[in-house]
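Open the model in your viewer and keep the selection tool at hand. The stops below say what to select next and what is there.

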Amino acid sequence: MKLFHYQVSRFQHQFASMMCFQNSEKEGESGEPFLYNCPWTPAVQEYITAGTFSEYVTEQGIPRIQIQLEPGDLYFFFSENIHEVPPVVGEKP
């Protein structure tokens, strides 16, 4: 999304970043970010809103990767692609 009142809007693509301060205790999808090779569109938003995005990803064969960060890692990514961070599970916040 273009933020026209900021200078950053002059760039064609926007990037986001995430920084890992501490990993969760549980292995698997707990707190580890995922990126999809799927840009956001209003049509994709309908699947997200309906809670059927996972099925859409499977049907369309959209690649999904898990970014495994270590404390201190800073990762930049193309923010227009769908991304998610599952809830952190365990005793560590």
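Start with the disulfides: this predicted model holds zero of them. A disulfide is a covalent bond between the sulfur atoms of two cysteines. Select Cys20, which is buried, with a relative accessible area of 8%. Then select Cys38, also buried, at 4%. Both residues come up again later in the tour.

**The whole chain**

Now show the protein chain as a cartoon. How many helices and strands does the chain have? There are two helices and five strands. Follow the chain from the N terminus and the elements run β-β-α-α-β-β-β.

Colour the residues by accessibility next. The chain has 93 residues, and 25% of them count as buried. The contacts can be described by distance in sequence as well. Among those between residues at least 6 apart in sequence, 82% join residues at least 24 apart. Several of the stops below show pairs of residues with a long stretch of sequence between them.

**The salt bridge**

Select Glu84 and Arg64 together. They form a salt bridge, and their closest N and O atoms are 3.6 Å apart. The structure holds one salt bridge. Which parts of the chain does this pair tie together? Glu84 lies in strand E5, residues 81–84, and Arg64 lies in strand E3, residues 64–66, so the salt bridge links parts that are 20 residues apart in sequence.

Are the two partners buried, partly exposed or exposed? Glu84 is partly exposed, with a relative accessible area of 32%. Arg64 is partly exposed too, at 36%.

Keep Arg64 selected and add Leu35. In sequence these two are 29 residues apart, while in space their C-alpha atoms are 5.7 Å apart.

**Along strand E5**

Stay with the strand that holds Glu84 and select Asn81, which is found in E5. Asn81 counts as buried, at 17% relative accessibility, because the cut-off for buried is under 20%. Leaving aside residues up to four places away in sequence, Asn81 touches Tyr36, Asn37, Cys38 and Pro39. One of these, Cys38, is the buried cysteine from the start of the tour.

Move to His83, in strand E5 as well. Is His83 buried or partly exposed? At 39% relative accessibility, His83 counts as partly exposed. Its contacts, again not counting residues up to four places away in sequence, are with Phe34, Leu35 and Phe77. Draw a C-alpha to C-alpha distance from His83 to Pro39: the two are 9.5 Å apart in space and 44 residues apart in sequence.

**Tyr75 in strand E4**

Select Tyr75, in strand E4, which covers residues 74–78. Tyr75 is partly exposed, with a relative accessible area of 27%. What does Tyr75 touch, not counting residues up to four places away in sequence? The list is Ala16, Ser17, Met18, Leu35, Ile67 and Leu69. Leu35 is also among the residues that His83 touches.

Add Cys20 to the selection. Tyr75 and Cys20 are 55 residues apart in sequence, yet their C-alpha atoms are 8.7 Å apart in space.

**The largest pocket**

Keep Cys20 and turn to the last stop, the largest pocket. About 240 Å³ of space lies in this pocket. How many residues line the largest pocket, and which lie nearest its centre? There are 14 lining residues, and those nearest the centre are Cys20, Gln22, Gly31, Pro33 and Val85. Select these five to mark the place in the viewer.

Then consider the make-up of the whole lining: eight residues are nonpolar, five are polar and one is charged. Cys20, where the tour began, is therefore both buried, at 8% relative accessible area, and one of the residues nearest the centre of the largest pocket.

Key
Residues are numbered from 1 along each chain as its sequence is written. This is a predicted model: local features need pLDDT of at least 70, side-chain atom pairs count only at pLDDT 80 or more; totals for chains, interfaces and linings use all residues. Side-chain values use heavy atoms; hydrogens and water are left out. A salt bridge is a side-chain nitrogen of Lys or Arg within 4 Å of a carboxyl oxygen of Asp or Glu. Helices (H or I, at least four residues) and strands (E, at least two) are DSSP runs, numbered from the N terminus. Buried means under 20% relative accessible area, exposed over 50%, partly exposed in between (1.4 Å probe, protein chains only). A disulfide is a pair of cysteine sulfur atoms within 2.5 Å. On a 1 Å grid over the protein atoms alone, a cavity is a set of points where a 1.4 Å probe fits but cannot get out, and a pocket is an open set with protein on both sides within 12 Å along at least five of seven lines; lining residues have an atom within 4 Å of a point. Grid points are joined across faces, edges and corners, and a volume is the space filled by probe spheres set on the points. Ala, Val, Leu, Ile, Met, Phe, Trp, Tyr, Cys and Pro count as nonpolar, Asp, Glu, Lys and Arg as charged, and the others, Gly among them, as polar. Contact means heavy atoms within 4.5 Å.
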